[in-house]
Amino acid sequence: MPTPKRFAFVIADLYGGGAEKSLLYTADGLRQRGHVVKVFILRDKIEHRLPEGLEIENLGVINRFSKLFSSVWVEKWQAKRIARVLSAFGPDVVLSCSCDKITRHLTFPNLWFWIKSDISAKFSDPGKRTKAFNKVHRFYSGRNVVAVSQGVKDNLLDVIGLQPAEIRAIYNPYEREPFLRMAEEPADIPEGEYLINVGTFEARKRHDRLLRAYKASGVTTPLMLLGKGKGDEEAKLHELIASLGLADRVILPGYQTNPYPFIRNAKALILTSDAEGLPRALIESLLLDTPVVSVDCPSGPREILSGELADFLVPREDETALADAIARMDANPVRVTEAYYRPFLKETVLPQFEALAE
């Protein structure tokens with residue numbers, strides 16, 4: 001084991017999303033390897049299960065006042081409060097995630113900004129795209145960056161043109177056994193076979209693409225959509241399902257704090273997003289021996305679907321190819337082996353986070 005170091009993770013909150021979940025796994029994985037680890041959240045919003053023994057501290061710097069008077073001055077005030085707490089903790093490494101608007105004002109020497117999504121693929125409107133690119137340059141030029149995948153790293157450098165002080169691509173780390181244990185917990189699993197999609201009901205996840213391709217595939221295996229969304233997004237989804245005549249074949253069990261029994265018992269998982277960073281759903285599915293079908297969105301799926309699964313990675317806009325891949329997987333599901341998920345196991349990944357302290 002390496003010499004123990006002190007790791008501080010700073011994140012806006014622990015809302016029920018993938019970035020928050022991967023941060024908790026990374027932080028707890030480092031703690032289990034003997035490091036002193038603390039997670040600082042900026043507001044008291046926790047939806048995830050917290051690993052036993054992992055220390056969480058709410059700094060409360062995101063509140064009604066900060067929202068009401070949002071400005072650079074307020075951001076700097078928030079950053080000063082964070083800096084005081086961090087200085088008292090004395091970290092060897094600080095990792096900032098999903099709160100960089102505030103933490104960009106910090107000046108810790110070993111501060112790393114952890115970028116979890118492909119910003120270059122999020123915007124099709126030229127004006128919004130330019131604004132987003134300018135924001136990336138403003139926040140991260142000359143700073144240390146951890147990209148969640150090689151694809152995210154390449155796009156930051158080659159598409160956005162970022163010039164960081166240093167940038168490293170490090171996958172999210174995974175441990176298989178906890179997923180297997182959670183997959184054994186009681187859940188209201190449907191009888192018989194089903195396909196599954198896991199993700200927030202939002203435009204980027206492209207449930208419209210999924211549903212059209214699913215209908216075109218001709219498969220009779222039901223499709224489960226596991227997730228939640230804002231009222232208008234959920235309403236649109238229900239309308240689309242009805243308009244496609246799929247109400248009797250689509251299962252909507254609602255948001256589940258433990259989705260793993262549903263993933264483990266699925267015939268296959270399908271991902272149809274326009275953009276991702278390193279899609280947790282694909283990796284977690286493989287950890288549970290459930291094969292996957294995915295569109296080749298930037299970025300991540302191309303790095304995950306290897307071997308025989310590469311035949312089930314289809315062009316993002318090709319719904320005919322997606323429908324064909326769904327039909328092929330439904331007819332003859334790929335058998336998942338350790339080779340598919342080994343690059344993402346904690347034994348492979350955590351030493352790369354430890355190297356940030358060197």
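## Starting in the six-stranded sheet

Strand S8, covering residues 195-198, and strand S9, covering residues 223-226, run side by side in the parallel sense, joined over 4 bridges. One partnership to look for is Val-198, whose bridge partner in S9 is Leu-226. Keep in mind while you look around that this is a predicted model.

Zoom out a little and you'll see that S8 and S9 belong to an open sheet of 6 strands, in the order S10-S9-S8-S11-S12-S13, with parallel pairing. The edges are strand S10 (250-251) and strand S13 (313-314), each of which pairs on one side only.

## Helices across that sheet

Two helices are worth finding here. Helix H11, residues 280-287, lies across S8, strand S11 (268-271) and strand S12 (292-295), and it runs at about 165 degrees to S12. Helix H13, residues 319-331, lies across S8, S11, S12 and S13, and its angle to S12 is about 175 degrees.

## The seven-stranded sheet

There's another open sheet to explore, this one of 7 strands, ordered S3-S2-S1-S4-S5-S6-S7 and again with parallel pairing. Its edge strands are strand S3 (55-58) and strand S7 (166-169), and each of them pairs on one side only. On average, neighbouring strands of this sheet are turned by 25 degrees against each other, ignoring direction.

Over at the S3 edge, strand S2 (residues 36-41) pairs with S3 in the parallel sense over 4 bridges. Within that pairing, Val-39 has Ile-56 in S3 as its bridge partner.

Helices pack on this sheet too. H1 touches strand S1 (6-11), S2, S3, strand S4 (93-97) and strand S5 (111-115), and its direction makes about 170 degrees with that of S1. Helix H3, residues 72-89, touches S1, S2, S3 and S4, with its direction at about 170 degrees to that of S2.

## Where H1 meets H14

H1 has another partner to check out. Helix H1 (residues 18-32) packs against helix H14 (residues 346-354) at an angle of about 85 degrees, and their axes are 10 Å apart. The two helices are therefore roughly perpendicular to each other.

Who does the touching? On the H1 side you'll find Thr-26, Gly-29, Leu-30 and Gln-32, and they meet Lys-346, Leu-350, Phe-353 and Glu-354 in H14. Sorted by type, the residues of this contact come out as 3 nonpolar, 3 polar and 2 charged.

## A pocket with charged company

The second largest pocket holds about 180 Å³ of space. Its lining is made up of Phe-201, Glu-202, Ala-203, Arg-206, His-207, Asp-208, Glu-233, Lys-236, Leu-237 and Leu-240. By type, that lining splits into 4 nonpolar, 1 polar and 5 charged residues.

Helix H8 (207-217) and helix H9 (231-243) each supply at least two residues of this lining. The largest share, 4 residues, comes from H9.

## Two backbone oddities

Most residues other than glycine have a negative phi, and most peptide bonds are trans. With that in mind, take a look at two loops.

In the loop between S12 and helix H12 (301-304) sits Ser-299. The peptide bond leading to Ser-299 from Pro-298 is cis, with omega near -5 degrees. Ser-98, for its part, is found in the loop between S4 and helix H4 (100-103). Its phi is near 60 degrees, a positive value in a residue other than glycine.

Key:
Residues are numbered from 1 along each chain as its sequence is written. This is a predicted model: local features need pLDDT of at least 70, side-chain atom pairs count only at pLDDT 80 or more; totals for chains, interfaces and linings use all residues. Side-chain values use heavy atoms; hydrogens and water are left out. Axes are lines fitted to C-alpha atoms, for helices over the stretch in contact, and angles run from 0 to 180 degrees between N-to-C directions. Angles under 35 degrees count as roughly parallel, over 145 as roughly antiparallel, 65 to 115 as roughly perpendicular and the rest as oblique. Contact means heavy atoms within 4.5 Å. Ala, Val, Leu, Ile, Met, Phe, Trp, Tyr, Cys and Pro count as nonpolar, Asp, Glu, Lys and Arg as charged, and the others, Gly among them, as polar. On a 1 Å grid over the protein atoms alone, a cavity is a set of points where a 1.4 Å probe fits but cannot get out, and a pocket is an open set with protein on both sides within 12 Å along at least five of seven lines; lining residues have an atom within 4 Å of a point. Grid points are joined across faces, edges and corners, and a volume is the space filled by probe spheres set on the points. Two strands pair if DSSP finds at least two bridges between them.
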